[in-house]
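These are my notes from one sitting with the structure. I looked up one strand with its partners, then one helix residue.

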Amino acid sequence: MDLCMLVVSLILEIIFIALFSSHPVVAANSKLFREYIGAEDKGVTFSDVPINEDVDFHFILSFAIDYTTSSSSPPSPTNGDFRVYWDTQNLNPSHVSSLKTHYRNVKVAMSLGGDTIANNEKVYFSPKTINSWVRNAIHSVTDISRRYHLDGIDIDYEHFHADADTFAECIGRLLFFLKQNGVVSFASIAPYNDDSVQPHYLALWRKYGHFIDYVNFQFYAYEKCTNISQFLKYFDEQSSNYRGGKVLVSFGTDGSGGLSPENGFFMACRRLKHQGKLHGIFVWSADDSMKDGFRYEKLSQTLLAK
């Protein structure tokens with residue numbers, strides 16, 4: 001190999017490493033607001049949720065699950081063949097199209113997995129093999145994404161019948177295909193601080209983090225007595241775990257834990273914003289917020305829009 005070809009080869013290798021091996025530099029404050037919707041069949045619609053046109057708003061349809069949907073037998077894993085489990089009566093493809101026509105600042109994603117399915121049965125990530133799961137997932141997720149005019153994908157498996165490396169390979173290869181082929185324009189993951197969960201997402205992040213745009217960290221999975229200083233400490237810990245990523249802060253409106261809006265969540269957000277670390281806010285979930293008129297969604301978006 002002559003010197004010229006060697007130089008070209010080295011340059012191409014450097015470009016490849018820069019594009020596909022490193023995590024992007026984290027931007028400063030963002031106006032991103034995200035909300036999960038449709039998991040609890042409470043009749044919530046897109047039009048119920050207040051949308052501030054000065055923020056970037058993502059609805060996340062919850063959930064698509066690779067489990068059977070038969071009413072005559074208990075749900076069972078389908079090895080990457082995803083079916084829609086959100087409230088399709090109130091959140092269907094025509095609703096998505098209408099929403100995006102009316103609001104240019106709104107995008108819609110779907111979340112894969114979730115915590116439980118019918119009768120509170122846990123949803124497990126249960127691939128038969130990496131190749132077969134990825135093949136089925138690519139086909140079914142692409143079909144749902146195109147049918148519903150979706151922009152993004154979110155990964156929210158919380159129980160596992162596979163090791164961390166298998167999870168990383170399956171999800172990573174799926175994200176690679178979806179983004180490289182323009183099926184979705186953004187991807188997120190939704191880990192939380194649990195020894196049976198976090199290692200799977202960290203393995204995914206280490207190998208395929210360059211395909212992940214947002215980390216929807218479930219800060220509401222921490223204890224209910226969380227105060228502001230503890231919350232900020234947890235944020236720093238998870239930002240270190242997902243170094244280079246946009247870690248979003250969060251709260252739940254379903255009575256779950258973490259730092260609640262009543263106990264200082266927005267004060268903590270203002271501190272992060274002052275430090276240039278507020279990469280966005282997400283809420284679990286619109287289904288639970290409807291009863292209070294989406295009070296905290298309005299406050300979240302106002303804070304982000306300023």
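Which residues of β6 are buried on one side, and which on the other? The model is predicted, and I read the entries below with that in mind.

Entry 1, the faces of β6. I found G152, D154 and D156 buried on one side. On the other side I noted I153, I155 and Y157, and these are buried too. Both faces of the strand are therefore covered.

Entry 2, the strand as a whole. I took β6 as residues 152-157 and counted six of the six as buried. I wrote down that β6 is largely enclosed by the rest of the structure, because every one of its six residues is buried.

Entry 3, pairing with β4. I looked up strand β4, residues 106-114, and found six bridges joining it to β6. The two strands run parallel. As one position to check, I noted G113 opposite D156 of β6.

Entry 4, pairing with β8. I then turned to strand β8, residues 186-189, which four bridges join to β6. This pair also runs parallel. For D154, I recorded S188 in β8 as the bridge partner.

Entry 5, I138. I placed I138 in helix α3, which spans residues 130-147. Is I138 buried or exposed? Its relative accessibility is 19%, and buried means under 20%, so I entered I138 as buried.

Entry 6, what I138 meets. Setting aside neighbours within four places in sequence, I found I138 in contact with L174 and F177. I also looked up R173, which is 35 residues from I138 along the chain. The C-alpha atoms of I138 and R173 are separated by 9.1 Å.

Key. Residues numbered from 1 in each chain as written. Predicted model: local features only at pLDDT ≥ 70, side-chain atom pairs only at ≥ 80, totals over all residues. Heavy atoms only, no water. Buried < 20%, exposed > 50% of the residue type's maximum accessible area, 1.4 Å probe, protein only. Contact = heavy atoms within 4.5 Å. Pairing = 2+ DSSP bridges.
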